[in-house]
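Visitor: I am new to this one. Could you walk me through it?
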Amino acid sequence: MEKDSKIISIQNVSFSYESTDPDNQQLIPVLHGVSLDIHRGEFVAVLGHNGSGKSTLAKHLNCILLPTEGTVFVDGIDTKDGEFIYDIRQTVGMVFQNPDNQIVATIVEEDVAFAPENLGIEPAEIRQRVDDALNSVGMYKYRESAPHQLSGGQKQRVAIAGIIAMRPACIVLDEPTAMLDPKGRREVMSTIRRLNRENGITVVLITHYMDEAAQCDRVVVTDSGKIILDGTPKEVFSNVELLKDVGLDVPQVTELTYELKKAGIELPDGIISVEECADKLEELLRAALSEK
Amino acid sequence: MAILKTENLTYTYSPGTPYEHTAVDNVNIEFEKGELVGIIGHTGSGKSTLIQQFNGLLRPTSGTVFVDGQDIWAKNAKIRELRFKVGLVFQYPEYQLFEETVYKDIAFGPKNMGITGDELDARIREAAAFVGLREEHFEKSPFELSGGQKRRVAIAGVLAMRPEILILDEPTAGLDPKGRERILGQIKDYHKQTGGLVLLVSHSMEDIARYATKALVMNDSKIYMYDTVDNVFAHAQELRSMGLSAPQISSVFSLLEQRGLPVSSGIYTVEKAKEEILKLLAKGGEGNAQ
């Protein structure tokens with residue numbers, strides 16, 4: 001059977017939380033009729049401010065939450081079908097914000113072995129998977145270290161290895177760099193990018209760092225439980241006003257080119273990298289200065 | 001006179017064991033009243049160990065910390081009073097809330113200082129107003145609030161002590177851009193109104209560029225640089241090699257400078273960059289007209 005190119009298909013999904021206040025039991029709607037398809041091998045960023053529904057959406061991708069209305073298909077399986085919950089969780093692995101909450105063992109390699117052990121995989125195969133996973137996140141040489149001796153970025157890479165050891169087709173990362181310093185953020189981002197490019201793993205990255213979203217193939221922006229933008233980083237970041245309206249930043253270079261355009265200077269839309277910005281400004285300045 | 005000063009300050013963890021590690025190494029620095037100093041450095045550079053000595057949470061292995069000219073560990077010094085003078089807001093301070101209501105949680109610090117009655121009430125209201133909490137929040141449990149609101153309650157609890165020196169360890173970690181801007185704007189207003197010293201530890205160079213008057217760079221347990229924000233960000237390349245990231249704009253301008261274009265140095269905000277580019281373009285145009 002030929003595999004569907006869509007690994008995840010979200011169809012018209014709405015979701016409401018139940019209020020925790022006993023005096024005021026009502027449903028709090030979070031997602032409103034969201035539809036989104038994610039294809040195999042894609043690297044998708046989901047951007048949105050706190051409370052925009054992006055984490056709620058992410059939790060629908062591996063059965064942590066089930067839709068109030070609508071359907072989520074993972075690899076063609078309806079997530080409401082309780083029989084296949086373990087298949088879905090092996091297909092889509094989740095990585096969360098705080099690495100300290102995700103590491104369970106006292107030795108790095110034992111932590112990475114946790115999931116495959118639970119899946120009942122043969123010991124020799126587990127050894128292979130743990131080594132592969134640690135190599136793919138660049139943490140093999142720390143395999144015998146204790147997690148508390150590692151930096152935040154290293155711990156987060158161990159958490160990612162723990163997911164990779166299940167050999168999922170897709171990983172969903174919910175703000176994996178929010179608690180890391182710039183170096184840790186760079187380590188984690190380059191690891192994720194490599195897993196996507198070299199191992200062909202589909203990546204859904206929930207973030208509110210615009211520079212991280214700029215490194216993805218596709219950016220989806222959520223606001224008030226809806227998807228308001230969906231496109232390449234260039235397309236999405238061309239909507240400077242709209243992004244600011246929904247409480248998001250754009251990269252500094254995007255904002256600068258936007259401001260210059262507003263002042264009547266001719267520049268292309270959607271500049272997102274430092275190099276591109278420097279190149280365009282260099283062109284402009286050389287042209288202006290040579291007119292002297 | 002400097003409001004906060006260190007002399008040969010050194011802190012070593014687990015001395016005499018195989019885990020011995022000097023996290024702050026012979027630091028000499030003076031901070032003046034009225035500054036809003038951004039403290040930057042990668043994880044493990046010694047930032048947190050440094051600031052925890054400023055309010056006596058850690059006792060230096062050697063060297064001295066002076067607050068208002070007083071050695072804080074001198075024989076007759078009162079460390080408890082020092083902690084009212086030097087307010088420290090930790091990372092993720094929302095995990096430290098514990099009272100039944102927002103009002104009571106903010107009251108905890110000033111109450112411990114012995115403040116009661118109208119004065120206490122006035123301080124709680126003032127601190128709450130600084131962080132944008134309204135009367136309707138006062139009787140709520142802090143645990144009913146959103147993450148950003150909880151954090152603002154925790155900061156208000158420190159502001160209510162009216163510290164002369166306010167130190168915040170990554171007050172915006174994990175917040176979205178709107179939440180970040182809001183908290184930093186409130187800190188800036190507080191700083192303007194009180195004219196005290198504010199030290200702000202942050203990983204976000206963009207935030208430091210926008211809000212701080214000076215920047216302190218820690219590297220390998222030592223002070224690498226302490227200067228105006230302009231001068232610090234002029235060293236974009238060095239910052240990057242230390243595992244820090246300079247603001248995007250300063251990277252663009254150092255590229256333009258390397259390529260021989262006549263741009264000014266010390267440009268790191270969008271506003272200044274826009275001005276500079278427009279100025280240069282206008283110059284070119286003028287030349288043409290003559």
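Short questions and answers follow, on a predicted model.

Visitor: How many helices and strands are there in chain B, and what share of its residues is buried?
Guide: Chain B holds eleven helices and ten strands. Its C-alpha atoms fill a box of roughly 75 × 55 × 35 Å along the principal axes. A residue is buried if 20 or more other C-beta atoms lie within 10 Å of its own. Of the 290 residues in chain B, the buried share is 46%.

Visitor: How far apart are the C-alpha centres of the domains of chain B?
Guide: The domain assignment gives domain 1 (4-234) and domain 2 (247-290). Their C-alpha centres in chain B are separated by 36 Å.

Visitor: Which helix gives the largest share of the side of domain 1 of chain B that touches domain 2 of chain B?
Guide: Eight residues from domain 1 and six residues from domain 2 of chain B form the contact. On the domain 1 side, helix H7 (205-211) and helix H8 (229-233) of chain B each supply at least two residues. The largest share there is four residues, and it comes from H7(B).

Visitor: Which strands stand at the edges of the six-strand sheet in chain B, and why is one side of each left without a neighbour?
Guide: The sheet is open, with mixed pairing, in the order E6-E7-E8-E3-E9-E10 (chain B). Each edge strand has a single partner strand, so one of its sides has no neighbour in the sheet. These edge strands are E6 (86-89) and E10 (222-228) of chain B.

Visitor: What is the bridge partner of B:Gly38 in E8(B)?
Guide: Strand E3 (residues 36-40) and strand E8 (residues 197-201) of chain B pair in the parallel sense. Four bridges join them. In E8(B), the partner of B:Gly38 is B:Leu200.

Visitor: What angle does the direction of helix H6 of chain B make with that of E8(B)?
Guide: Helix H6 (residues 177-194) of chain B packs on the sheet. H6 of chain B touches E3, E7 and E8 of chain B. Its direction and that of E8(B) make an angle of about 160°.

Visitor: Which helix supplies the largest share of the side of chain A that touches chain B?
Guide: The contact takes 34 residues from chain A and 35 residues from chain B. On the chain A side, helix H6 (182-199), helix H10 (252-262) and helix H11 (274-290) of chain A each supply at least two residues. The largest share is nine residues, from H11(A).

Notes:
Residues numbered from 1 in each chain as written. Chains lettered and ligands numbered in written order. Predicted model: local features only at pLDDT ≥ 70, side-chain atom pairs only at ≥ 80, totals over all residues. Buried ≥ 20, exposed ≤ 12 C-beta atoms within 10 Å, placed from the backbone. Contact = placed C-beta atoms within 7 Å. Domains from an automatic or database assignment. Pairing = 2+ DSSP bridges. Axes fitted to C-alpha atoms, helices over the stretch in contact; angles between N-to-C directions.
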